[in-house]
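This report looks at backbone geometry in a loop and at charged side-chain pairs. Please keep the sequence and the coordinates at hand while reading.

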Amino acid sequence: MPDCYDGSLLTLWRQGDTVIAREPLAGIKRDIEPLLPLHHADVGFAAEWRINWAHYEEREAAGALVAFSVREAETLIGYAIFLCVKHAHYVDLTQGLNDALFLRPDKRRGLLGRRLIERCDFYFQHTDIQHIVWHVTAQKDFSPILRRLGYAPEAALWGKARPWAVHPRRPPKP
């Protein structure tokens, strides 16, 4: 597994009382509850969120997860979480796969979102991560920011929710 997490807090950017840091998952998990309904609304997927915290914690313990926080006066206002994996087809390629990105809607004006992405890039330059993949949803397309930072589209993911999977109490129609 890639060595992209060592358990310490690392401040990557500060302006006034706003801080972007690499932070242990436990700190983010402790303060994330008020942001989850807003993040879920952004995603636009109908299924109820039931976050598998044990999965994240196992990944972190294995050194295969890195989390970034955005805090204003110590209040969590955003986060980015990456899974760090060896690519299945390119054995020598280690990727940082963005699993979650959120910034509170009232903080999205200005450059804070861009700063978060830039700080993630800066951090990964000092690890064995060779390729960063951001997950951009159709509902919240921030690809213009990524393009300005040198990213290019690589693939398009298409999804189809099975009605019985999204709404398990409703049986499928024959």
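The sections below take up the loop and then the salt bridges of this predicted model.

## The loop between β3 and β4

Strand β3 covers residues 65–72 and strand β4 covers residues 75–86, and Ala 73 lies in the loop between them. Phi of Ala 73 is near 50 degrees, a positive value in a residue that is not glycine. Glu 74 lies in the loop between β3 and β4 too, and its phi is also positive, at about 70 degrees, although Glu 74 is not a glycine either. As background, most residues other than glycine have a negative phi.

With regard to solvent, Ala 73 counts as partly exposed because its relative accessibility is 47%, whereas Glu 74, at 71% relative accessibility, counts as exposed.

## Salt bridges between distant parts of the chain

Side chains of opposite charge can pair when their charged atoms come close. The structure holds 10 salt bridges. One of them joins the side chains of Glu 57 and Lys 29, with an N to O distance of 2.8 Å. This pair links helix α3 (residues 53–61), which contains Glu 57, to helix α1 (residues 25–31), which contains Lys 29, across 28 residues of the chain. Both ends are classed alike: Glu 57 is partly exposed, with a relative accessible area of 35%, and Lys 29 counts as partly exposed at 31% relative accessibility.

Helix α1 also takes part in a salt bridge with strand β3, since Arg 71 of β3 and Asp 31 of α1 form a pair that links parts of the chain 40 residues apart. The closest N and O atoms of Arg 71 and Asp 31 are 2.8 Å apart. Here Arg 71 counts as buried, at 12% relative accessibility, while Asp 31 is partly exposed, with a relative accessible area of 23%.

## A loop residue paired with β3, and a network

The side chains of Lys 107 and Glu 72 meet in a salt bridge as well, at 2.8 Å from N to O. Lys 107 lies in the loop between β5 (94–103) and α4 (112–124) and Glu 72 lies in strand β3, so this pair ties together parts that are 35 residues apart in sequence. Lys 107 is buried, with a relative accessible area of 19%, and this value falls under the 20% limit for that class. Glu 72, by contrast, is partly exposed, with a relative accessible area of 24%.

Through shared partners, salt bridges join Glu 23, Arg 30, Asp 31 and Arg 71 into one network.

Conventions:
Residues numbered from 1 in each chain as written. Predicted model: local features only at pLDDT ≥ 70, side-chain atom pairs only at ≥ 80, totals over all residues. Heavy atoms only, no water. Helix = DSSP H or I, 4+ residues; strand = E, 2+ residues; numbered from the N terminus. Buried < 20%, exposed > 50% of the residue type's maximum accessible area, 1.4 Å probe, protein only. Salt bridge = Lys/Arg side-chain N within 4 Å of Asp/Glu carboxyl O.
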